[in-house]
Amino acid sequence: EIHQKVGAKIFGAVQSVKELRNGYALRLSPDSSMIETVARFIEKERLCCPFMKFTVEDGEENGPLWVSITARKGAKEFIREEFALDALIK
């Protein structure tokens, strides 16, 4: 349940979504609390979905925080559904 709240905080704060060849990148605000929240989320996701790769990129000069979620071939649709990205893709 706590993990769901952490996920809701992250996905509720997504500013934009960029489609990647093998996943998606989420743009978030760069505040330190969001960075901590993302780290907690990734820690738990790694336990249930070890096939996913998470990359966190902190923008220079307080630019946006990007979190990429990628996976092996065939898992992109799973990522899209698992994180309900259709509602976030504009």
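**Exercise 1. The lining of the largest cavity**

Task: Determine how many nonpolar, polar and charged residues line the largest cavity.

Solution. Step 1 is to fix the classes: Ala, Val, Leu, Ile, Met, Phe, Trp, Tyr, Cys and Pro count as nonpolar, Asp, Glu, Lys and Arg as charged, and the others, Gly among them, as polar. The model is predicted; local features need pLDDT of at least 70, side-chain atom pairs count only at pLDDT 80 or more, and totals for chains, interfaces and linings use all residues. Residues are numbered from 1 along each chain as its sequence is written, and side-chain values use heavy atoms, with hydrogens and water left out.

Step 2 is to define the search. On a 1 Å grid over the protein atoms alone, a cavity is a set of points where a 1.4 Å probe fits but cannot get out, and its lining residues have an atom within 4 Å of a point. Grid points are joined across faces, edges and corners, and the volume is the space filled by probe spheres set on the points. The search yields one cavity of 30 Å³ or more, and the largest cavity has a volume of about 30 Å³.

Step 3 is to list the lining, which consists of Ile10, Phe11, Leu26, Leu28, Val38, Phe41, Phe54, Val67 and Ile69. Two or more of the lining residues come from each of helix H1 (2–12), strand E2 (23–28), helix H2 (32–48) and strand E4 (65–71). Here helices (H or I, at least four residues) and strands (E, at least two) are DSSP runs, numbered from the N terminus.

Result: the lining has nine nonpolar, no polar and no charged residues.

**Exercise 2. Ile10 and Met34**

Task: Decide whether Ile10 is buried or exposed, and state which residues Ile10 contacts beyond its neighbours within four places in sequence.

Solution. Step 1: Ile10 is located in helix H1. Step 2: buried means under 20% relative accessible area, exposed over 50%, and partly exposed in between (1.4 Å probe, protein chains only). With a relative accessible area of 3%, Ile10 is buried.

Step 3: contact means heavy atoms within 4.5 Å. Neighbours within four places aside, Ile10 is in contact with Leu28, Met34, Thr37, Val38 and Phe41.

Step 4 examines one of these partners. Met34 belongs to helix H2 and is buried at 4% relative accessibility. The C-alpha atoms of Met34 and Ile10 are 7.4 Å apart in space, while the two residues are 24 apart in sequence. Beyond four places in sequence, Met34 also touches other residues, including Lys9, Ala13, Ser29 and Leu65.

**Exercise 3. Salt bridges**

Task: State how many salt bridges the whole structure contains, and identify what parts the pair of Glu19 and Lys76 ties together.

Solution. Step 1: side chains of opposite charge can pair when their charged atoms come close. The criterion for a salt bridge is a side-chain nitrogen of Lys or Arg within 4 Å of a carboxyl oxygen of Asp or Glu. Two salt bridges are found.

Step 2: in the pair of Glu19 and Lys76, the closest N and O atoms are 2.7 Å apart. Glu19 lies in strand E1 (residues 16–20) and Lys76 in helix H3 (residues 76–82), so the pair ties together parts that are 57 residues apart in sequence. Glu19 is exposed, at a relative accessible area of 52%.

Step 3: Asp86 pairs with Arg80, and their closest N and O atoms are 2.4 Å apart. Arg80 is partly exposed, with a relative accessible area of 21%.

**Exercise 4. Two cysteines**

Task: Explain why Cys48 and Cys49 form no bond.

Solution. Step 1: a disulfide is a covalent bond between the sulfur atoms of two cysteines. The rule applied is a pair of cysteine sulfur atoms within 2.5 Å. Step 2: the cysteine sulfur closest to that of Cys48 is in Cys49, at 3.2 Å, and this is too far for a bond. Step 3: the count is therefore zero disulfides. Cys49 itself is buried, at 6% relative accessibility.

**Exercise 5. His3**

Task: Find which residues His3 touches, not counting residues up to four places away in sequence.

Solution. Step 1: His3 lies in helix H1 and is partly exposed at 25% relative accessibility. Step 2: under the stated exclusion, His3 touches Phe41, Lys44 and Glu45. Step 3: the C-alpha atoms of His3 and Ile42 are 9.9 Å apart, and these residues are 39 apart in sequence.

Conventions: On a 1 Å grid over the protein atoms alone, a cavity is a set of points where a 1.4 Å probe fits but cannot get out, and a pocket is an open set with protein on both sides within 12 Å along at least five of seven lines; lining residues have an atom within 4 Å of a point.
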